[in-house]
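User: I'm new to reading protein structures and would like a close look at a single part of this one. Could you take me through the big sheet slowly, and then show me how it sits in the rest of the chain?

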Amino acid sequence: MIVEVANTPREKPCSRIQFGYFDKILGKKKPQDRLCQNELNTLYMEFPNEKLYKFPFKMFNFTHDVLDNWLNEIAIESGAEFRDGVRCNDIKESNGSYILTLKPKHQDIELVSAKYVIAADGLSSSIRKKIRPDDFARKPLAPTMNYYLKTEGDGDLDPHTLYQFWNLEFNNLMFAWMYKKNELWVVGTGHTDNLIERCDNLLKYVQDKFGLQGEIVKREGYASIFKLDAPNHVFLGCDNMLFIGDAAGLVDIYRGLGMDAADLIGRLLANAIIKGEENNTPPLTLYKKYMRKTIKKINKNSEKQLLIYNNNKELTQALKRSFINMGLGTLFGNLLNKFKSPSKLKLLPA
Ligand SMILES: Cc1cc2nc3c(=O)[nH]c(=O)nc-3n(C[C@H](O)[C@H](O)[C@H](O)COP(=O)(O)OP(=O)(O)OC[C@H]3O[C@@H](n4cnc5c(N)ncnc54)[C@H](O)[C@@H]3O)c2cc1C
């Protein structure tokens with residue numbers, strides 16, 4: 001049974017961009033009509049010294065309301081019971097199983113018994129907060145803001161390009177971003193201080209630079225108190241309560257991505273439960289084994305996050321150092337992924 005507190009289809013703050021291997025992880029090719037009208041096939045990177053790089057790079061461009069609904073449909077076709085508008089309020093252990101308290105909107109509470117609980121409740125996971133409150137800070141750590149613009153044309157921008165602006169003045173968590181989502185341009189960034197001012201400055205910068213004219217029709221803020229920068233913040237669970245996706249701590253602020261890890265881990269977790277049941281081995285033991293490489297990468301990347309740089313000069317030097325390695329690693333990773341089984345895929349960019 002899958003329970004989702006929101007009424008579906010639901011949107012969520014996210015850039016909603018993924019790479020070619022996403023289909024392989026999902027195990028199904030996404031139908032074209034579930035993607036945005038404009039494909040993304042070029043990556044633009046701008047460094048603090050305004051040096052520009054452009055590469056051909058195929059990405060998937062979609063919105064969560066449409067794509068996630070399709071995933072829910074697949075789950076239902078495969079036999080899952082999917083219930084939206086239902087909040088999981090509490091989980092208690094009882095005689096080797098779990099009793100979940102579910103609260104459907106405008107209806108009475110229900111108690112459901114389960115052998116396994118998979119906590120997939122995102123970066124604000126209330127389940128994780130209950131059992132590991134120290135993994136969360138008091139104040140938001142990584143707030144982000146997106147402005148959605150209705151524009152007159154595209155100015156000098158290419159609607160098939162993902163624009164990244166690496167500059168600590170705009171974003172001290174990762175790159176600031178701009179891309180087109182169907183008919184709207186999205187300009188966004190994240191910063192630990194004065195976020196709105198930074199986003200306004202970024203907007204002015206891109207409007208001046210690319211001659212983009214238009215008005216903001218939607219603002220989308222997001223803040224999390226999850227300590228993603230803490231060492232070893234990935235937590236896979238205890239007993240038969242298993243964590244996946246952002247709730248496990250798998251969103252990678254260095255790569256700026258989390259959906260691939262969330263889906264990969266879902267596949268590995270399903271394998272761990274099936275194999276564990278067959279061999280009488282605790283699924284958590286197998287799950288931890290399958291996840292070793294991915295966790296290593298997430299931990300390594302959380303050490304490389306931008307908060308460690310004091311100024312743009314240091315950031316530029318670090319970008320220059322990693323640029324060739326990252327480029328070649330991504331190129332070869334992409335090629336090798338074509339031959340790898342879905343559960344062995346290397347997360348990109350390298
Ligand atoms: C600004 C921003 C930009 C991003 N851009 C990208 C990107 O371009 N590409 C990428 O790969 N990743 C991106 N990410 C990360 C990506 O959004 C996440 O890593 C990914 O969506 C995690 O999926 P998830 O299923 O673990 O969690 P979520 O997608 O957050 O899903 C959790 C679900 O649980 C539900 N829920 C929560 N509590 C309960 C409860 N008690 N009971 C029932 N349901 C509950 C929520 O309503 C939600 O639908 C971005 C994130 C942010 C913040």
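Analyst: Here is a walk through the eight-stranded sheet, followed by its surroundings. Keep in mind that this is a predicted model.

Start with the layout. The sheet is an open one, and its eight strands come in the order β2-β4-β3-β11-β12-β13-β10-β14, with mixed pairing. If "pairing" is a new word for you, strands of a sheet pair through backbone hydrogen bonds, either parallel or antiparallel. At the edges you'll find β2 and β14 (214–222); each has a single partner strand, so one side of each is left without a neighbour in the sheet. Going from one strand to the next, the twist averages 30°.

Now begin at the β2 edge and walk inwards. β2 and β4 (residues 52–61) run antiparallel and are joined by three bridges. You can pick out the partners on screen: F19 stands opposite M59 of β4, and Q18 has F60 as its bridge partner in that strand.

On we go to β3 (residues 40–46), which runs antiparallel to β4 with six bridges between them. One pair to look for here is Y44, which stands opposite K54 in β4. β3 and β4 make up a hairpin with five residues between the strands, and in its turn E50 has a positive phi of about 65°.

Further along the order sits β12 (176–181), a good strand to pause on. What share of the residues of β12 is buried? Six of its six residues are, which makes the strand mostly covered. In a regular strand the side chains alternate between the two faces of the sheet. You can follow that in β12: A176, M178 and K180 point one way, W177, Y179 and K181 point the other way, and all are buried.

β12 has strands to pair with as well. β11 joins β12 through three bridges, the two running antiparallel, and Q164 has W177 as its bridge partner in β12. β12 also pairs with β13, again in the antiparallel sense, over five bridges. Look at W177 once more, because you can use it as a landmark: 
it stands opposite G188 in β13. The hairpin of β12 and β13 has two residues between the strands, and N182 there takes a positive phi near 55°.

Let's zoom in on one residue of β13, namely V187. Is V187 buried or exposed? V187 counts as buried because it has 25 C-beta neighbours inside 10 Å, and 20 or more is what it takes to be called buried. Who is V187 in contact with, once its neighbours within four places in sequence are left aside? The answer is Y147, L149, M178, L202, L203 and V206. Of these, M178 is a residue you have already met in β12. For a feel of how the chain folds back, V187 and N61 are 126 residues apart in sequence and 15 Å apart in space, C-alpha to C-alpha.

Some of those contacts lead us to a helix. α4 (residues 195–210) lies across β10 (144–151), β11 (161–165), β12 and β13 (184–190), and it runs at about 135° to β13.

Now step back to the whole chain. The domain assignment gives domain 1 (2–38 + 59–136 + 229–304) and domain 2 (39–58 + 143–222 + 309–350). Their C-alpha centres lie 26 Å apart, and the contact between them takes 27 residues from domain 1 and 27 residues from domain 2. On the domain 1 side, the elements giving two or more residues are β2, α1 (22–26), β4, α6 and α8 (292–303). The biggest giver on that side is α6, with six residues. By type, this side of domain 1 divides into twelve nonpolar, ten polar and five charged residues.

Finally, there's a ligand to find. It is surrounded by 28 residues, and the closest are S15, G122, G245, G258 and M259. Elements giving two or more residues to this shell are β1 (2–4), β2 (17–19), β6 (86–94), α5 (245–248) and α6 (259–279). So β2, the edge strand where our walk began, turns up here too. The shell divides into 14 nonpolar, seven polar and seven charged residues.

Note on methods. Residues are numbered from 1 along each chain as its sequence is written. This is a predicted model: local features need pLDDT of at least 70, side-chain atom pairs count only at pLDDT 80 or more; totals for chains, interfaces and linings use all residues. A residue is near a molecule or strand if its C-beta atom, placed from the backbone, lies within 6 Å of it. Helices (H or I, at least four residues) and strands (E, at least two) are DSSP runs, numbered from the N terminus. Ala, Val, Leu, Ile, Met, Phe, Trp, Tyr, Cys and Pro count as nonpolar, Asp, Glu, Lys and Arg as charged, and the others, Gly among them, as polar. Two strands pair if DSSP finds at least two bridges between them. Axes are lines fitted to C-alpha atoms, for helices over the stretch in contact, and angles run from 0 to 180 degrees between N-to-C directions. Two residues are in contact if their C-beta atoms, placed from the backbone, lie within 7 Å. Domain bounds come from an automatic or database domain assignment. A residue is buried if 20 or more other C-beta atoms lie within 10 Å of its own, exposed if 12 or fewer, and partly exposed in between; C-beta atoms are placed from the backbone.
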